[in-house]
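Visitor: I would like a close look at one part of this model. Please keep it brisk and give cut-offs as you go.

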Amino acid sequence: MTKKILIAGKNSYVGKQLAEWLNKEPEKYEVVKESVRNDQWKDIDFSSFDVVVHVAGIAHQHTKADQEDLYYKVNTDLTINIATKAKVEGVKQFIFMSSMIVYGASSKIGEVKVITRETIPEPINFYGNSKLLAEKGILPLQSDNFDVVVIRPPMIYGKGSKGNYPLLSKFAKISPVFPDVENQRSMLHIDNLSEFIRLMIDNEEKGIYFPQNKEYIKTSEMVRVIAENTGKKIKLVKLFNSILTNLGKNSIIINKVFGSFIYDLELSEYKEKYRIRDLNESIKITED
């Protein structure tokens with residue numbers, strides 16, 4: 001039986017990639033993408049959909065202090081309103097794309113921040129708080145006839161992605177050296193995420209989930225692999241480590257690149273395989 005899926009967030013990176021992924025099996029999934037940035041979504045008849053995947057929102061890369069109200073309006077209120085409409089109109093499952101950012105920021109260089117099942121979310125900015133409040137608003141809607149899934153992914157990367165990855169990729173292609181700092185990052189390739197969401201739909205899941213790649217990623221190693229896959233040579237050096245460590249005491253940006261921020265691997269286990277790309281393959285197809 002074909003499942004009809006509404007992706008709320010027509011122009012989002014995750015929404016576009018997920019639609020392409022599910023459209024590979026048209027006999028199983030009928031996918032419709034809609035923009036929800038204006039009030040026209042209120043006129044959509046949700047009753048014809050089995051699943052709503054809500055990926056619309058304002059990303060943290062564009063955080064500006066004077067936009068705080070907008071973040072809560074879009075990331076929090078809009079999410080709750082769409083989920084409520086979905087439930088009232090008979091949708092069976094609502095999947096919300098939250099973020100690892102609900103747990104705050106990366107550790108400082110030389111330290112390791114590990115998120116376990118017992119870790120309490122502590123957002124450090126209104127982007128993270130807007131996501132957490134959205135979660136708190138939709139989880140109580142869970143019922144026998146309405147499944148709510150919250151996904152808290154770490155940094156998502158892939159061909160056409162935004163955020164830190166394109167910056168690291170650009171650096172790998174133009175610089176002969178890169179700092180060799182020991183760190184660990186949880187990351188998630190877009191294909192692994194898309195497959196995870198597909199399994200959430202197939203298995204009619206509910207609850208909070210923490211998907212990530214099967215291996216932690218060291219920033220300098222990722223840069224090396226990018227360089228290797230693009231025919232460049234780059235040397236990893238420890239020369240700048242002490243300078244970066246000092247800068248990291250007061251710089252969120254430095255720690256975002258070279259600090260550690262990981263999910264305990266146990267958190268990300270699932271009964272079916274969703275991690276179909278390892279680091280080398282994911283970089284290869286991203287840079288192809």
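By class, how many nonpolar, polar and charged residues does the lining of the second largest pocket have?

Guide: The lining has 10 nonpolar, three polar and one charged residues. Nonpolar covers Ala, Val, Leu, Ile, Met, Phe, Trp, Tyr, Cys and Pro; charged covers Asp, Glu, Lys and Arg; the others, Gly among them, are polar. This is a predicted model, in which local features need pLDDT of at least 70 and side-chain atom pairs pLDDT 80 or more, while totals for chains, interfaces and linings use all residues. Residues are numbered from 1 along each chain as its sequence is written, and side-chain values use heavy atoms, without hydrogens or water.

Start with the pocket itself. The second largest pocket holds about 300 Å³ (the space filled by probe spheres on grid points joined across faces, edges and corners). It has 14 lining residues, and Asn-164, Leu-167, Leu-168, Ile-253 and Val-257 are the closest to its centre. A pocket is an open set of points on a 1 Å grid over the protein atoms alone, with protein on both sides within 12 Å along at least five of seven lines; a cavity is a set where a 1.4 Å probe fits but cannot get out; lining residues have an atom within 4 Å of a point. Three elements each give the pocket lining at least two residues: H4, strand S8 (177–179) and H8. Elements are DSSP runs numbered from the N terminus: helices are H or I, at least four residues, and strands are E, at least two.

Next, the enclosed space. There are two cavities of 30 Å³ or more. The largest contains about 80 Å³. Asn-164, Leu-168 and Val-257 line this cavity too. Its lining further includes Met-155, Arg-185, Met-187, Thr-219, Met-222 and Lys-256. Helix H4 (164–174), helix H6 (219–229) and helix H8 (252–258) each supply at least two of its residues. Here the classes come to five nonpolar, two polar and two charged.

Now the rings. The whole structure has 11 aromatic pairs (Phe, Tyr or six-membered Trp rings with centres within 6.5 Å; planes under 30 degrees apart are stacked, over 60 edge-to-face, the rest tilted). One of them joins Phe-178 to Phe-258: a tilted pair, 5.6 Å centre to centre, with 35 degrees between the planes. Phe-178 sits in strand S8 and Phe-258 in helix H8, so the pair ties together parts 80 residues apart in sequence. S8 and H8 both supply the pocket lining. Phe-178 is buried, at 4% relative accessible area (buried is under 20%, exposed over 50%, partly exposed in between; 1.4 Å probe, protein chains only). Phe-258 is buried as well, at 7%.

A further pair is Phe-196 with Tyr-209: the centres are 5.9 Å apart and the planes stand at 65 degrees, so this pair is edge-to-face. Phe-196 belongs to helix H5 (residues 190–202) and Tyr-209 to strand S10 (residues 207–209), 13 residues apart. Both residues are buried. Ring pairs link them with Tyr-270 and Tyr-274 into a cluster.

That cluster leads to the second largest cavity. Its volume is about 30 Å³. Phe-196, Tyr-209, Tyr-270 and Tyr-274 are among its lining residues. Phe-210, Pro-211, Leu-267, Ser-268 and Glu-269 line it as well. By class, this lining has seven nonpolar, one polar and one charged residues.
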